[in-house]
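Student: Could we go through this structure together, step by step, starting with how its helices pack?

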Amino acid sequence: MNVMLKAARADIPAYSPSGNECALFETAWTRQLPLLLKGPTGCGKTRFVSHMAARLGLPLSTVSCHDDLSAADLTGRYLLKGGDTVWVDGPLTRAVREGGVCYLDEIVEARKDVAVVLHPLTDDRRILPLERTGEVLEAPAGFMLVVSYNPGYQNLLKALKPSTRQRFVAIEFDFLPKAAEIAVVATESGLDEARVAPLVALAHRLRALKGHDLEEGVSTRLLVYCACLIDSGMMMREAVRAAMIEPLTDEPDVRTALLEIADAMIR
């Protein structure tokens, strides 16, 4: 199957590549390979999937996984409608029937039975058995399964098993280099690069504290939020506190220390 990329359009979400991830995504789709994205929160994984689905002209179904997400939530269930019991496809089943990209964000958050459903879709069979309807759906050539997770949040209870990881082609994501991140934040927020630069420098400083005082560093998403607040007229210190400090911690001592670092860097 030949990959026919559509011409760049205004409705394609902006994305700044940091390596060969775009080419790898296109090849994975062409060769019908499932794709695993791993990296810290807010580093651009979801935007990347949206960008690539739009570039390839593919429908995109995104599912944000959580503790209560079960296999039935993805495949479907029988529901009462107008006094009748009817089968209603879940987002994964719809994508398998119709084609397109099904993106499961933070897959490790879902219940364990979800992996059982995904396994036959991520090997050479590319099938989705629906026990309740007796169907065995074969994924069309235009179907692609993409999942993501943050390795930094893994623990013994929530970890992606090797037997599952090894069913995917994987791309590791990280935050952009300073110059590239400044350009992205400026473009997304409308704030000029000279005013964005100290925000990005502060973010890199706070990210260095991950694993010590912080569980997670400042995401590019939070940087964009902060720049948007400043571009709307908010004082920089107030914007930094609201978008870059408060979301990171609830500990008063840690918050005070982070504010002191921010005050020293954004004067």
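**Helix packing and the largest pocket**

Tutor: In this predicted model, α7 and α9 pack with their axes 9 Å apart and at an angle of about 50°.

Student: Which word describes how α7 lies to α9, parallel or oblique?

Tutor: Angles under 35 degrees count as roughly parallel and those from 65 to 115 as roughly perpendicular, while the rest, apart from those over 145, count as oblique. The angle between α7 and α9 is about 50°, and therefore α7 is described, with respect to α9, as oblique.

Student: Which residues of α9 make the contact with α7?

Tutor: From α7, the contact is made by Glu181, Val184, Val185, Glu188 and Ser189. By class, the contact has 6 nonpolar, 2 polar and 3 charged residues. On the side of α9, the residues are Thr220, Leu223, Val224, Ala227, Cys228 and Asp231.

Student: Is the crossing of α7 and α8 left-handed or right-handed?

Tutor: The axes of α7 and α8, the helix of residues 193–207, come within 9 Å and cross at roughly 125°, which means that α7 is oblique to α8. As for the hand of this crossing of α7 and α8, it is right-handed.

Student: Which helices each supply at least two residues of the lining of the largest pocket?

Tutor: The largest pocket holds about 550 Å³ of space and is lined by 23 residues, with Gly42, Cys43, Gly44, Arg47 and Thr220 nearest its centre. The lining residues divide into 8 nonpolar, 8 polar and 7 charged. The helices that each supply at least two of them are α2 (45–55), α7 (178–189) and α9 (220–231).

How values were computed:
Residues are numbered from 1 along each chain as its sequence is written. This is a predicted model: local features need pLDDT of at least 70, side-chain atom pairs count only at pLDDT 80 or more; totals for chains, interfaces and linings use all residues. Side-chain values use heavy atoms; hydrogens and water are left out. On a 1 Å grid over the protein atoms alone, a cavity is a set of points where a 1.4 Å probe fits but cannot get out, and a pocket is an open set with protein on both sides within 12 Å along at least five of seven lines; lining residues have an atom within 4 Å of a point. Grid points are joined across faces, edges and corners, and a volume is the space filled by probe spheres set on the points. Helices (H or I, at least four residues) and strands (E, at least two) are DSSP runs, numbered from the N terminus. Ala, Val, Leu, Ile, Met, Phe, Trp, Tyr, Cys and Pro count as nonpolar, Asp, Glu, Lys and Arg as charged, and the others, Gly among them, as polar. Axes are lines fitted to C-alpha atoms, for helices over the stretch in contact, and angles run from 0 to 180 degrees between N-to-C directions. A crossing is left-handed if the near helix is turned anticlockwise from the far one by less than a right angle, and right-handed if clockwise. Contact means heavy atoms within 4.5 Å.
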